[in-house]
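Colleague: I have a model open and would like to learn how to read it. Where do we begin?

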Amino acid sequence: MSETETDIKKGLAGVVVDYTAVSKVNPDTNSLLYRGYPVQDLAAQKSFEEVALLLWTGELPSAAELEEFVSYERANRALEDNVKAAVDLLPLECHPMDVARTAVSVLGANHPLAEDPSPEAELEKAKSLLARFPAVLAYDQRRRRNQDVVAPRDDLDYSQNFLWMTNGEEAAPEVVDAFRVSMVLYAEHSFNASTFTARVITSTLSDMHSAVVGAIGALKGSLHGGANEAVMHTFEEIGIRKDETREAAAIRAKKWMEEALAAKKKVMGFGHRVYKNGDSRVPTMKKALDAMIAHFGRDEILGLYDGLEAAMAEAKHIKPNLDYPAGPTYHLMGFDTQMFTPLFIASRISGWTAHIMEQRANNALIRPLSAYNGPDQREL
C-alpha cells in the first residue's frame, strides 16, 4: 500500500493494541467489569480499598489482606514537608491539576523504591500513592480558601478521612457512602487516553510516578478529564437558586439547553465514545446524587439535572455519562468545582497503577509508525 493509500486510524479509533485483564466493557450487558465483576455490584457492596486491591491483584482480598492494606493506608496518609513546600510554591491561580502533577513528581522523588521495577516494589508504590494523594487535594483546597490544614486521622476509613481533611468535620454516613460510590465508579476504564499514556510511558521502562504524572497531564485535557467540572459550570451558568422549586429549575435548564444546542454549543457530560446505549455507571452515580439532594434538601439541583437531561434526550437522543451526576454530587459535598478532576485522579490512581504493573509484567515498547505526508526529499 502506498503512502497516499495508508489507512490512518485517527485517534487510534478501533485499533486494538494489547490485551488487558484489568477491565472491559461487556457489550452484551453494557456493563463495565473490573476483573470480571460488574462495577455497579462492586459499588453497591465493596469499599474503595477492596476495589483497589481487586484492580491491583486480580482478586478481591481476604479479610486478612484487607486488614493489612487498611492498616498500611491509614499509616501512610500524611504528606512529607517537601511535598507541602512544593505545593505552597505554586500560585493560587493555577489549576489544581497542576498541583496534582507537581505533588506526584515530588512523591516519586521521595520514594525509596522509586527506581525499583520489581512487582513487590510497584505494588508498594501504588499503595503509597493512593494513600497520600487525598492529602494533596485537601491541602490544596484548604490553602486556596485560606483555611488551616486538617491532619489525617487513622480512625477513619479512606472516604471518611478524605472528607474530614477537606471539610474539617466528619461527614454524615450518607455523604461518605456517596463519595465511596464515586471513587469505585471512577477507579478504572480500560485503555482511555490517560491510562494509555501511562502504559506508553511505562513501556519505555520509566518509573511508576513518571507514568502517573503523564496520565495526569492527559487527564487535564478537556477532551478527556474535566467534564465533571464543565457540568458544574453549566449549572452555574444557568444559575443555581437554592429557593427555587425543582419544576422551575427544570424549565430554566431545558430552555438553556435548547438555546445552547441551537447555537451548536458543546455541552459536556453527555455521550461516551465507548458506550453506545448509555454509560452503565450513570444509574449508580445518579442514585448517589439523589441521596445527596435529599440529604442537603437541594431540589433545585435535581431540577437543573432533569431539565438538561430531558432537553438533550429530546434533541439529540444522547444520554449522560458518569461525569454528569458526579459533578453536582461533589458540589453538594463541599468540593470546589476546580477540584472535581483531581478527585477523578484520586480514584483512577488505582486503575492507572494496575495498568502500569500489567504493562511492566509483559512489556513491549509502544512505538507506532506514522505515514509521512510532507515534502519529498529536497536539496539544500
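Modeller: Begin with burial in one helix. This is a predicted model. In H2, the buried residues are Phe48, Glu49, Glu50, Val51, Ala52, Leu53, Leu54, Leu55 and Trp56. H2 is thus mostly covered, with nine of its 10 residues buried.

Colleague: What follows H2?

Modeller: Gly58 follows H2. The phi of Gly58 is positive, near 95°.

Colleague: How do I describe two packed helices?

Modeller: Two values serve for a packed pair: the angle between the axes and the distance between them. Here, H2 (residues 48-57) packs with H3 (residues 63-75) at about 105°, and the axes are 10 Å apart. That angle makes H2 roughly perpendicular to H3. H2 brings Glu49, Glu50, Leu53 and Trp56 to the contact. H3 brings Glu65, Leu66, Phe69 and Val70.

Colleague: Now the charged pairs. How many salt bridges does the count come to?

Modeller: First the rule. A side-chain nitrogen of Lys or Arg must lie within 4 Å of a carboxyl oxygen of Asp or Glu. By this rule the count comes to 26 salt bridges. Take one inside a helix. Glu258 and Lys254 form a salt bridge, and their closest N and O atoms are 2.8 Å apart. The two residues are four apart in helix H12 (residues 246-262), so about one helical turn separates them.

Colleague: Are Glu258 and Lys254 buried or partly exposed?

Modeller: Use the cut-offs. Buried means under 20% relative accessible area, and exposed means over 50%. Partly exposed is in between. Glu258 has 41%, so Glu258 is partly exposed. Lys254 has 24%, so Lys254 is partly exposed too.

Colleague: Which salt bridge ties together parts that are 159 residues apart in sequence?

Modeller: Look at Arg199 and Glu358. Their side chains meet in a salt bridge at 2.7 Å, N to O. Arg199 sits in helix H9 (residues 193-203) and Glu358 in helix H16 (residues 340-361), so the pair ties together parts 159 residues apart in sequence. Arg199 counts as buried because its relative accessibility is 2%. There is also a network of salt bridges, which links Asp18, Arg199 and Glu358.

Colleague: What about Asp155 and Arg153?

Modeller: The side chains of Asp155 and Arg153 also meet in a salt bridge, at 2.8 Å from N to O. Asp155 has 46% relative accessibility, so Asp155 counts as partly exposed.

Colleague: Next, single buried residues. What does Thr329 contact?

Modeller: Look past the sequence neighbours. Thr329 is in helix H15 (residues 323-333). Thr329 is buried because its relative accessible area is 0%. Neighbours within four places in sequence aside, Thr329 contacts Met285, Leu289 and Met292.

Colleague: And Thr166: which residues does Thr166 touch?

Modeller: Thr166 lies in helix H7 (residues 158-167). At 1% relative accessibility, Thr166 counts as buried. Not counting residues up to four places away in sequence, Thr166 touches Ala138, Gln141, Arg142 and Phe335. A distance in space can be set beside one in sequence. Thr166 and Val136 are 30 residues apart in sequence, and their C-alpha atoms are 9.9 Å apart.

Colleague: Last, the surface. Which residues form a nonpolar patch there?

Modeller: Leu12, Val15 and Val17 form that patch. Together they have about 210 Å² of accessible area. Leu12 is placed in the segment before strand E1 (23-26). With 39% relative accessibility, Leu12 counts as partly exposed.

Notes
Residues numbered from 1 in each chain as written. Predicted model: local features only at pLDDT ≥ 70, side-chain atom pairs only at ≥ 80, totals over all residues. Heavy atoms only, no water. Patch = residues over 30% accessible without salt bridge, like charges linked within 9 Å, V, L, I, M, F, W, Y side chains within 5 Å. Areas by Shrake-Rupley, 256 points an atom, 1.4 Å probe, with all protein chains shown as cover. Buried < 20%, exposed > 50% of the residue type's maximum accessible area, 1.4 Å probe, protein only. Axes fitted to C-alpha atoms, helices over the stretch in contact; angles between N-to-C directions. Parallel < 35°, antiparallel > 145°, perpendicular 65-115°, else oblique. Contact = heavy atoms within 4.5 Å.
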